[in-house]
Amino acid sequence: MTNEQTEPAGSEGGGTITVRRNASTNRFEALLDGTVVGFIDYHQHGDRVTLIHTETDPYFEGRGIGSTLARAALEDVQARGEKAVIVCPFITAYLKRHPDYDDIVVRAE
């Protein structure tokens, strides 16, 4: 990522969520106090980033990790001047609630 993004975790347990773009694994990774607790798989093709699949460790569900990942990934794509191709159902649902990213979304063909 251009910068790692950090914010407090929701629900019980607290902690800090950091999201990083890991180009070596083609994933945006959410770390809770240094441990990977969720990710978005992506594919980079030129200036297009296809967001394929979002997954959160079931133990950490309900803490906003998926939404934090989605927001951070979309903000990273936006900051890099890229376009996002969405095939992930979770991110599709996220975008319905957050249309402010519509300008960077390219519909999958």
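This text walks through a predicted model of a protein chain, from its overall layout to its core and its pair of helices.

The protein chain contains two helices and seven strands, and when these elements are read from the N terminus on, they follow the order β-β-β-β-β-α-β-α-β. Of the 109 residues in the protein chain, 42% are buried, while the accessible surface amounts to about 5,800 Å², with 48% of that surface belonging to carbon and sulfur atoms. Among the contacts with a separation of 6 or more, 39% are made by residues that stand 24 or more positions apart.

With this outline in mind, the reader can turn to the interior. The largest nonpolar core has 27 residues, and Leu51, Leu74, Ile86 and Ile91 are those with the most contacts inside it. At least two residues of this core come from each of the strands β2 (16-22), β3 (27-32), β4 (35-45), β5 (48-56) and β6 (83-86), and the same holds for the helices α1 (65-79) and α2 (89-97). The largest share, seven residues, is supplied by α1.

Leucine 51 shows how one of these core residues is surrounded. Once residues up to four places away in sequence are set aside, leucine 51 touches Phe28, Ile40, Asp41, Tyr42, Leu74, Ala84, Val85, Ile86, Val87, Cys88 and Ile91, and this list includes Leu74, Ile86 and Ile91, which are also named among the core residues with the most contacts.

Threonine 50 lies in strand β5. Its relative accessible area is 19%, and because a residue under 20% counts as buried, threonine 50 falls in that class. Leaving aside neighbours within four places in sequence, threonine 50 is in contact with Asp41, Tyr42, His43, Val85 and Val87.

The two helices remain to be described. Two packed helices are described by the angle between their axes and by the distance between those axes. In this model the axes of α1 and α2 come within 10 Å and cross at roughly 80°, so α1 is roughly perpendicular to α2. On the side of α1, the residues that take part in the contact are Gly66, Ser67, Ala70, Arg71 and Leu74, and on the side of α2 they are Phe90, Ile91, Tyr94, Leu95 and Arg97. Sorted by character, the residues of this contact divide into six nonpolar, two polar and two charged. Leu74 and Ile91, which take part in this contact between the helices, are also among the residues with the most contacts inside the largest nonpolar core.

Conventions:
Residues numbered from 1 in each chain as written. Predicted model: local features only at pLDDT ≥ 70, side-chain atom pairs only at ≥ 80, totals over all residues. Heavy atoms only, no water. Core = buried A, V, L, I, M, F, W, Y, C linked by side-chain atoms within 4.5 Å. Buried < 20%, exposed > 50% of the residue type's maximum accessible area, 1.4 Å probe, protein only. Helix = DSSP H or I, 4+ residues; strand = E, 2+ residues; numbered from the N terminus. Contact = heavy atoms within 4.5 Å. Axes fitted to C-alpha atoms, helices over the stretch in contact; angles between N-to-C directions. Parallel < 35°, antiparallel > 145°, perpendicular 65-115°, else oblique. Nonpolar A, V, L, I, M, F, W, Y, C, P; charged D, E, K, R; others polar. Areas by Shrake-Rupley, 256 points an atom, 1.4 Å probe, with all protein chains shown as cover.
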